[in-house]
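Take a look at the chain below. The report that follows walks through its helices, its core and a few chosen residues.

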Amino acid sequence: MLINVIAGMIIPWIFSFFLYKKYPKVIILLYPLGISIAFISNDWGFDIFWLVALFHDNPSFSALPFNLGYFPFICSLFVYLKLKKIINKTAACYFRFSYDKYRICSCVT
């Protein structure tokens with residue numbers, strides 16, 4: 001559980017603080033959204049899809065550090081990268097499928 005707290009909550013909070021210093025609007029607006037999406041998806045997943053080695057009666061308690069740290073940080077980081085245009089149109093085009101047989105995407109020549 002200590003590794004979950006360190007890797008899932010403490011380290012992402014440190015990176016989130018640095019991201020907050022650069023672009024505070026992203027963290028203020030999207031960190032709570034990332035937390036709510038993480039809690040909903042993990043509670044739904046623990047009931048239906050995956051099993052966790054339980055240390056407590058509540059299976060969601062094992063994922064609490066990740067719900068409060070890692071998943072909201074990733075949500076904020078992706079929006080930050082998109083706003084700063086680090087992910088541009090050409091790089092995103094490689095992930096789309098095309099009808100052209102020999103090229104990955106028709107927009108890349």
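## An all-helix pattern

Read from start to end, the protein chain follows the pattern α-α-α-α. It holds four helices and zero strands. Keep in mind that this is a predicted model.

How much of the protein chain is buried? Buried residues make up 25% of its 109 residues. The protein chain exposes about 8300 Å². Carbon and sulfur atoms supply 71% of that area.

Now turn to contacts between residues at least 6 apart in sequence. Of these, 60% join residues at least 24 apart.

## Helix α1 and its partners

Helix α1 covers residues 2-22, which is 21 residues. From its first C-alpha to its last, α1 reaches 29 Å. That is close to the 30 Å expected at 1.5 Å a residue.

Which residues of α1 are buried? They are G8, M9, P12, S16 and L19. The buried residues of α1 pack against two helices, α2 and α3 (64-83).

Two packed helices are described by the angle between their axes and the distance between the axes. The axes of α1 and α2 come within 5 Å and cross at roughly 125 degrees. Angles from 65 to 115 degrees count as roughly perpendicular and those over 145 as roughly antiparallel, with the ones between counted as oblique. Therefore α1 is oblique to α2.

Several residues meet where these helices touch. On the α1 side they are W13, S16, L19, Y20 and K22. On the α2 side they are P24, I27, I28 and Y31.

## The largest nonpolar core

In soluble globular proteins, nonpolar side chains tend to be buried together. Here, the largest nonpolar core has six residues in all: L19, V26, I27, L30, Y31 and Y80. Helix α2 (residues 24-48) gives the most to this core, with four residues.

Look closely at Y80, one of the core residues. What does Y80 touch, leaving out residues up to four places away in sequence? Y80 touches L19, K22, Y23 and V26. Of these, L19 and V26 also belong to the core.

## Two neighbours in α2

Residues S41 and N42 come next. S41 has its place in helix α2, and N42 lies in helix α2 as well.

Are they buried or exposed? Buried means under 20% relative accessible area. N42 has 10% relative accessibility, so it counts as buried. S41 has 31%, so S41 counts as partly exposed.

N42 also has contacts far along the chain. Not counting residues up to four places away in sequence, N42 touches W50, A63, N67 and F71.

The table takes N67 and gives its C-alpha separation from each of the two residues.

| Pair | Residues apart along the chain | C-alpha separation |
|---|---|---|
| S41 and N67 | 26 residues | 9.7 Å |
| N42 and N67 | 25 residues | 8.2 Å |

To close, find N42 in the structure and trace its contact with N67.

Note on methods:
Residues numbered from 1 in each chain as written. Predicted model: local features only at pLDDT ≥ 70, side-chain atom pairs only at ≥ 80, totals over all residues. Heavy atoms only, no water. Core = buried A, V, L, I, M, F, W, Y, C linked by side-chain atoms within 4.5 Å. Buried < 20%, exposed > 50% of the residue type's maximum accessible area, 1.4 Å probe, protein only. Contact = heavy atoms within 4.5 Å. Expected span 1.5 Å × (residues − 1). Areas by Shrake-Rupley, 256 points an atom, 1.4 Å probe, with all protein chains shown as cover. Axes fitted to C-alpha atoms, helices over the stretch in contact; angles between N-to-C directions. Parallel < 35°, antiparallel > 145°, perpendicular 65-115°, else oblique.
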